[in-house]
Amino acid sequence: MKFKNTHKDHEVTDESIYRQRRQLVKTGIIGMGTLAINPSLALTLGQPQKNTSFNIEDTTSEKDATTYNNFYEFGLGKDEPAENAHTLATNSWTIEVSGHAKKTGIFDLEKIVKQMSLEERIYRMRCVEAWSMVIPWLGFKLADLIKYFEPTSQAKYIYFETLYDPTQMPGQKSRSIPWPYREGLRMDEAMNELTLVTVGMYGKILPNQNGAPLRLIVPWKYGFKGIKSIKKIAFVDKQPLNSWQAIAPQEYGFFANVNPNVDHPRWSQKTERRITGSFSFFRSRIDTQLFNGYGAYVADLYHGMNLTKYY
Ligand code: MTE
């Protein structure tokens, strides 16, 4: 199944999109229903709809996914975000939008989310440290959020920043990495059907340690692209520098596509330790797939590009 963005004939495009959506539903990437938000409570999510296609793979236990985290704003240890992230205040969250778009300014997150169509999607998440999880996210397409802000043709990339507030994020008092955490996507990557802005997981509101109240999920890229607790978005014309690229450019690039054929300079990326179910930490390794297994949906984005050079 290949999806081409270049069809001129509308009928062909519609048919192609239709088939792509069916395939996504079949493989559990897209949940069938959308979820309503309880209007009386800020960002409270409805119950997820049961969907048998979620059985495609063993999902990671909610406990593992919420206690084994990377969120340097709350400490460098994997167990520290779950212990420390309670100091983050996620109510009345606003997002600042700037750059090449018709709608810019400060936006109330709750008002935006009410206008988005929420879906439950199960995605594999492959971390650059060679472990992976399978997580049911609740979110909406980044494409829909982007359309809401009406970017102009000068917007070639989208840039994100996490909240900077050392009182709420004590890890920012140390100079472990340059703050705030930063990420970016090329506009066509951002508009891809798979790219999600998530506000929940496991049918519940996103826990602070997983990036509340909203984070990015780009399932064919290494986990570090999934910037948490997004506070600023900018539509820019030049490729932005992301945090890990700024820290170690020889190790982390802008694209960060999951690729078993391009090793990290200090370790192989050929296999991963999949954290699923109970006793998961003792599971054997599995082979890592190009684009984390989502090549049918995203390989066209990188047609003709040298993925070893643009890692
Ligand atoms: N976002 C912020 N703001 N700070 C971080 O330290 N870590 C990244 C990414 N997003 C990080 C972040 C990394 S390295 C990974 S692997 C994922 O979040 C981990 O997401 P998880 O804790 O939900 O598994």
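# Helix 5, core, voids and aromatic pairs

Directly after helix 5 comes Glu150, a residue with a positive phi, near 50°. The model described here is predicted.

Helix 5 itself spans residues 142-149, and six of these eight residues are buried, so the helix is largely enclosed by the rest of the structure. The buried positions are Leu142, Ala143, Leu145, Ile146, Tyr148 and Phe149. Leu142 also belongs to the largest nonpolar core, a set of 76 residues, where Leu142, Ile158 and Phe235 have the most contacts inside the core. Leaving out residues up to four places away in sequence, Leu142 touches Ile158, Phe160, Leu185, Ala190, Thr195, Leu196, Val197 and Leu216.

Ala234 is a residue of strand 13, which runs over residues 230-236. Its relative accessibility is 11%, and because buried means under 20%, Ala234 counts as buried. Beyond its neighbours within four places in sequence, Ala234 is in contact with Ser98, Tyr157, Ile158 and Tyr159. Of these partners, Tyr157 lies 77 residues from Ala234 in sequence, with a C-alpha to C-alpha separation of 8.4 Å.

## Pocket and cavity

The largest pocket holds about 430 Å³ of space. It is lined by 25 residues, and those closest to its centre are Asn70, Phe71, Tyr181, Gly223 and Phe224. Strand 7 (residues 131-141) gives the most to this lining, namely three residues.

The count of cavities of 30 Å³ or more comes to one. The largest cavity has about 60 Å³ of space. Its lining is made up of Arg124, Met125, Arg126, Trp137, Leu216, Ile217, Val218, Pro219, Lys221, Tyr222, Gly223 and Gly226. Strand 6 (118-126) and strand 12 (215-217) each supply at least two of the lining residues, and the largest share, three residues, comes from strand 6. Two residues of this lining recur elsewhere in the report: Leu216 is also touched by Leu142, and Gly223 is also among the residues closest to the centre of the largest pocket.

The table gives the two linings by residue class.

| Lining | Nonpolar | Polar | Charged |
|---|---|---|---|
| Largest pocket | 15 residues | six residues | four residues |
| Largest cavity | seven residues | two residues | three residues |

## Aromatic pairs

The structure holds 15 aromatic pairs. In one of them, the rings of Tyr123 and Tyr294 have centres 5.8 Å apart and planes at 80°, so the pair is edge-to-face. This pair links distant parts of the chain, 171 residues apart: Tyr123 sits in strand 6, whereas Tyr294 sits in the loop between strand 15 (285-287) and helix 8 (295-298). Tyr123 has a relative accessibility of 0% and counts as buried. Tyr294 is buried as well, with a relative accessible area of 2%.

A further pair is formed by Phe254 and Phe255, whose ring centres are 5.2 Å apart and whose planes stand at 85°, so this pair too is edge-to-face. Both Phe254 and Phe255 are buried. They belong to one aromatic cluster together with Tyr157, Phe291, Tyr302 and Tyr310. Within that cluster, Tyr157 is also a contact of Ala234.

Conventions:
Residues are numbered from 1 along each chain as its sequence is written. This is a predicted model: local features need pLDDT of at least 70, side-chain atom pairs count only at pLDDT 80 or more; totals for chains, interfaces and linings use all residues. Side-chain values use heavy atoms; hydrogens and water are left out. A nonpolar core is a set of buried Ala, Val, Leu, Ile, Met, Phe, Trp, Tyr and Cys residues joined through side-chain atoms within 4.5 Å. Buried means under 20% relative accessible area, exposed over 50%, partly exposed in between (1.4 Å probe, protein chains only). Contact means heavy atoms within 4.5 Å. On a 1 Å grid over the protein atoms alone, a cavity is a set of points where a 1.4 Å probe fits but cannot get out, and a pocket is an open set with protein on both sides within 12 Å along at least five of seven lines; lining residues have an atom within 4 Å of a point. Grid points are joined across faces, edges and corners, and a volume is the space filled by probe spheres set on the points. Helices (H or I, at least four residues) and strands (E, at least two) are DSSP runs, numbered from the N terminus. Ala, Val, Leu, Ile, Met, Phe, Trp, Tyr, Cys and Pro count as nonpolar, Asp, Glu, Lys and Arg as charged, and the others, Gly among them, as polar. Rings of Phe, Tyr and Trp (its six-membered ring) pair if their centres lie within 6.5 Å; planes under 30 degrees apart count as stacked, over 60 as edge-to-face and the rest as tilted.
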